[in-house]
Amino acid sequence: MEKIYSRTITIQEDKVSGFCPGCMHSTIIKLIGEVLEEMNLVDKAACVLGIGCCGLQMDYMAYDNTTAPHGRACAVATGMKRSNKNSLVFTYQGDGDFASIGLGESVSAANRGENISVIFVNNGIYGMTGGQLAPTTLVGMKASTAPRGRITEEHGYPMHMCEILNQLTAPAYLERTSCNTPGNVMKTKKAIKKAFQNQLDGKGFSMVEIVANCPTNWGVDPLESLNFIEEKMLPEFPLGVIRDK
């Protein structure tokens with residue numbers, strides 16, 4: 001495959017992880033790596049990274065990566081896939097990147113049915129840029145820009161991206177998973193594999209939304225963050241397949 005749009009990252013085995021203790025980003029990128037190896041796709045893969053903690057994986061993974069301007073990952077991935085259709089192109093984005101700053105690009109790519117895969121990490125907060133209110137922040141949940149908590153009259157309600165995209169005709173596959181239990185970790189891996197296989201089969205736009213944690217900006221320890229996911233996040237963002245054409 002001719003690689004003309006990104007760079008190959010060499011794994012630094014002795015590099016200390018930049019992820020906070022308990023952060024699920026490390027679990028998710030490990031699952032992506034496992035899936036790519038099992039599907040023999042490492043040399044065909046090209047990941048478009050959103051801004052923030054998402055970009056830290058560049059130091060740990062050996063497939064090609066490029067970083068898009070904030071929110072524009074789906075637009076960049078569209079160009080990459082259309083110019084090199086034999087590649088496996090996927091984005092890795094947080095809720096601020098995918099559902100706020102990049103909402104227009106995200107919805108438009110889904111509406112066009114672009115043959116790309118999206119890994120969307122929903123932890124209900126802007127993780128790296130100061131813990132600001134995100135589109136997915138829960139009602140009553142505090143953020144640096146909402147010290148009294150999310151108030152619907154001021155900030156609106158949490159956005160449910162799987163359900164929003166499900167109103168469109170084109171998307172092929174939409175599923176919401178989590179990594180809060182071993183069983184859900186395995187379901188997430190299965191969903192990632194399906195999103196990648198859909199792209200290989202030319203089915204069009206696939207998205208896996210992963211309900212994750214952010215112990216640092218939530219102000220809790222890693223174990224408490226798992227309880228928060230189970231008790232607060234999952235009732236608002238129920239897991240399951242939303243669409244599977």
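A nonpolar core is a set of buried residues of the kinds Ala, Val, Leu, Ile, Met, Phe, Trp, Tyr and Cys, joined through side-chain atoms within 4.5 Å. In this predicted model, the largest such core has 47 residues. Those with the most contacts inside this core are Ile28, Ile32, Leu36, Phe90, Tyr92, Ile119 and Phe196. Quite a few elements chip in: α1 (25–38), β1 (45–49), β3 (88–94), β4 (117–122), α7 (182–200), β6 (206–211) and α9 (222–236) each supply at least two residues. The largest share, six residues, comes from α1. In soluble globular proteins, nonpolar side chains tend to be buried together.

Tyr92 gives a feel for the surroundings. Setting aside neighbours within four places in sequence, Tyr92 is in contact with a string of residues, among them His25, Ile28, Ile29 and Ile32, as well as Cys47, Val48, Ile119 and Val121. There is also a second, separate core of 22 residues, and Val48 belongs to this one, along with others including Cys74, Ala77 and Cys162.

Now for the sheet. Seven strands line up as β2-β1-β3-β4-β6-β5-β7 in an open sheet with mixed pairing. At the edges stand β2 (64–67) and β7 (240–244); each has a single partner strand, so one side of each is left without a neighbour in the sheet. From one strand to the next, the twist averages 20°. The partner of β7 is β5 (residues 173–178), and the two pair in the antiparallel sense over four bridges. Along this pair, Tyr173 stands opposite Asp244 in β7. Helix α1 turns up again here: α1 packs on the sheet and touches β1, β3, β4 and β6, with its direction making about 175° with that of β3.

Notes:
Residues are numbered from 1 along each chain as its sequence is written. This is a predicted model: local features need pLDDT of at least 70, side-chain atom pairs count only at pLDDT 80 or more; totals for chains, interfaces and linings use all residues. Side-chain values use heavy atoms; hydrogens and water are left out. Buried means under 20% relative accessible area, exposed over 50%, partly exposed in between (1.4 Å probe, protein chains only). Contact means heavy atoms within 4.5 Å. Two strands pair if DSSP finds at least two bridges between them. Axes are lines fitted to C-alpha atoms, for helices over the stretch in contact, and angles run from 0 to 180 degrees between N-to-C directions.
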